[in-house]
Amino acid sequence: MNDSGSFERTGLEIAIIGMAGRFPDAQNIEEFWQNLQDGKESIRFFTDEEIKSSGVDLSILNNSNYVRAGSALKDIESFDASFFGFNPREAEVMNPQHRVFLECAWQALECSGYDSKQYEGSIGVYAGTSIIDYLINLYLNPNIRNSIDTQQLVFANDKDFLTTKVSYKLELEGPSVNVQTACSTSLVAVHLACRSLLGGECDLALAGGVAIAASQKTGYSYQEGGILSPDGHCRAFDAKGQGTVFGSGVGIVVLKRLEEAIADGDSIHAVIKGSAINNDGALKVSYTAPRIDTQAKVIKAAQTIAEVAPETISYIEAHGTGTSLGDPIEIAALTQAFHIGSQSKNYCAIGSVKTNIGHLDAAAGVTGLIKTVLALKNRQIPPSLHFQEPNPQIDFANSPFFVNT
């Protein structure tokens, strides 16, 4: 977050002119912001009856390591099929992730002030989805499997067809690209959409992600040293932090080249000045472990592209999963990047939306982006929850950061 009010333009800025989303305990962006302002935790603890109805075996449920927590979306079974030209049978076999993402794509365009059927420019879609467990459920139901064409089932569910379905139903003729990079999916989608806009491939772009489990009301089995929390709470950067909780959600932003957004009189919620992506490679403890120097490089690259000095940044929305390994590496990487050229300390707030709603997998990154845009718009940094004492492996005292409680 850089709230300097005005900035030098490089000509590479991208305006966020619309947003839409559904999150745990929030059916829209306004409810989401109210929950963030209030410091509300939207992780639920399910009853045994709810978990049993989701098909969890009793032997698993009664295990002492089973945690009955998660964050869920309301009304995922609801869909205005006729509005989008689907018949009831098509809607029934369509993955809920596809349904909800399509609805939010329409809402995001409406929020931006554009009707895709009348807009003369080219509109692109960059997004990704989580695991397609709904398709597995359909295949396991012989009545459905034997009564519908297999290809139709694949079109209605598979990850490859999320964005093209949106482009088809909303009549969008720009690039339609499915992005699949696990929990970085939606932010990589934003990055690619920005590059597409700067390259002239489209004039507007929808970018985001969706993650909705077919069985939302289930817990998980805790394993020591894993990413999941033993008590159902995400305590990012805290000494008691031992992991996160997974949940469901969807987020989409509408992007446009800044100069054109200004010229066209669009509502500009925030400006993306730069972004960068890379990978950790092989020189790390394990495949799933993060790495300090490569994370620091990509942070510094984004700052350089944006032409933003670290000491002017007042807030970082972190990955912040609350793991004892990941959090210290993230802060160490940020500190390394921020300390190039400046040794200032404790001037930049940091937080993680995962403490409010858990880890939304393919939608996690764009959810953090939307939170940050809302903080800029409302000139208020909402609290990061459950922080009492810093993780002893994090040296906040000699870093630019403090946890915003």
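This section describes selected residues, a helix pair and aromatic pairs in a predicted model.

Gln97 is taken up first. This residue belongs to helix α5, which spans residues 96–112. Its relative accessibility is 0%, so Gln97 counts as buried. Two polar contacts of its side chain are described here. One joins the side chain of Gln97 to the side chain of Thr129, at 3.0 Å. In the other, a polar atom of the Gln97 side chain lies 3.2 Å from the backbone nitrogen of Ser130. Thr129 and Ser130 also appear among the residues that Gln97 touches. Beyond these, Gln97 touches Ile131, Ile132 and Leu162. Val210, Ala211 and Ile212 complete the list, which leaves out residues up to four places away in sequence.

Helix α5 also holds Trp106, a member of an aromatic pair. The structure has 10 aromatic pairs. In one of them, Phe83 packs with Trp106 in an edge-to-face arrangement. The ring centres are 5.2 Å apart, and the planes stand at 90 degrees. Phe83 sits in the loop between β4 (69–70) and α4 (88–93), whereas Trp106 is in helix α5, so the pair ties together parts 23 residues apart in sequence. Neither ring residue counts as buried: Phe83 is partly exposed at 46% relative accessibility, and Trp106 is partly exposed at 34%. The two belong to a cluster linked by ring pairs. Its other members are Phe79, Phe84 and Phe86.

A second aromatic pair joins Phe237 and Phe396. The ring centres are 6.4 Å apart and the planes meet at 85 degrees, so this pair is edge-to-face. The pair links distant parts of the chain, 159 residues apart. Phe237 lies in the loop between β8 (220–221) and β9 (249–257). Phe396 lies in the loop between α15 and β13 (401–403). Both Phe237 and Phe396 are buried.

Phe237 also touches Ser352. Ser352 is located in the loop between β12 (348–351) and α14 (354–357). With a relative accessible area of 0%, Ser352 is buried. A polar atom of its side chain lies 2.9 Å from the backbone oxygen of Gly320. Gly320 is one of several residues that Ser352 touches, not counting residues up to four places away in sequence. Tyr315, Glu317, Ala318 and His319 are also among them. Further contacts of Ser352 are with Ala236, Lys371 and Ser384.

Lys371 falls within the range of helix α15, residues 364–378. This helix meets helix α10, residues 185–198. The two axes come within 4 Å and cross at roughly 70 degrees. The helices are therefore roughly perpendicular. On the α10 side, the residues in contact are Ser186, Leu187 and Val190. On the α15 side, they are Ala364, Gly365, Val366 and Leu369. By type, the residues of this contact comprise 5 nonpolar, 2 polar and no charged.

The loop between α15 and β13 also contains Arg379. Arg379 has a positive phi of about 50 degrees, although it is not a glycine. Its relative accessible area is 65%, so Arg379 is exposed. Glu171 likewise has a positive phi without being a glycine, with a value near 60 degrees. Glu171 is placed in the loop between α9 (162–169) and β6 (176–178). At a relative accessible area of 47%, Glu171 is partly exposed.

Val56 is the last residue considered. It lies in the loop between α2 (48–53) and α3 (58–61). Its relative accessibility is 16%, so Val56 counts as buried; the cut-off for buried is under 20%. Val56 touches Ile51, Leu61, Tyr66 and Thr218, with residues up to four places away in sequence not counted. Val56 and Gly368 are 312 residues apart in sequence. In space, their C-alpha atoms are 31 Å apart.

Methods. Residues numbered from 1 in each chain as written. Predicted model: local features only at pLDDT ≥ 70, side-chain atom pairs only at ≥ 80, totals over all residues. Heavy atoms only, no water. Helix = DSSP H or I, 4+ residues; strand = E, 2+ residues; numbered from the N terminus. Buried < 20%, exposed > 50% of the residue type's maximum accessible area, 1.4 Å probe, protein only. Polar contact = N/O pair within 3.5 Å; in protein donor to acceptor, adjacent residues only side chain to side chain. Contact = heavy atoms within 4.5 Å. Axes fitted to C-alpha atoms, helices over the stretch in contact; angles between N-to-C directions. Parallel < 35°, antiparallel > 145°, perpendicular 65-115°, else oblique. Nonpolar A, V, L, I, M, F, W, Y, C, P; charged D, E, K, R; others polar. Phe/Tyr/Trp six-rings, centres within 6.5 Å; stacked < 30°, edge-to-face > 60°.
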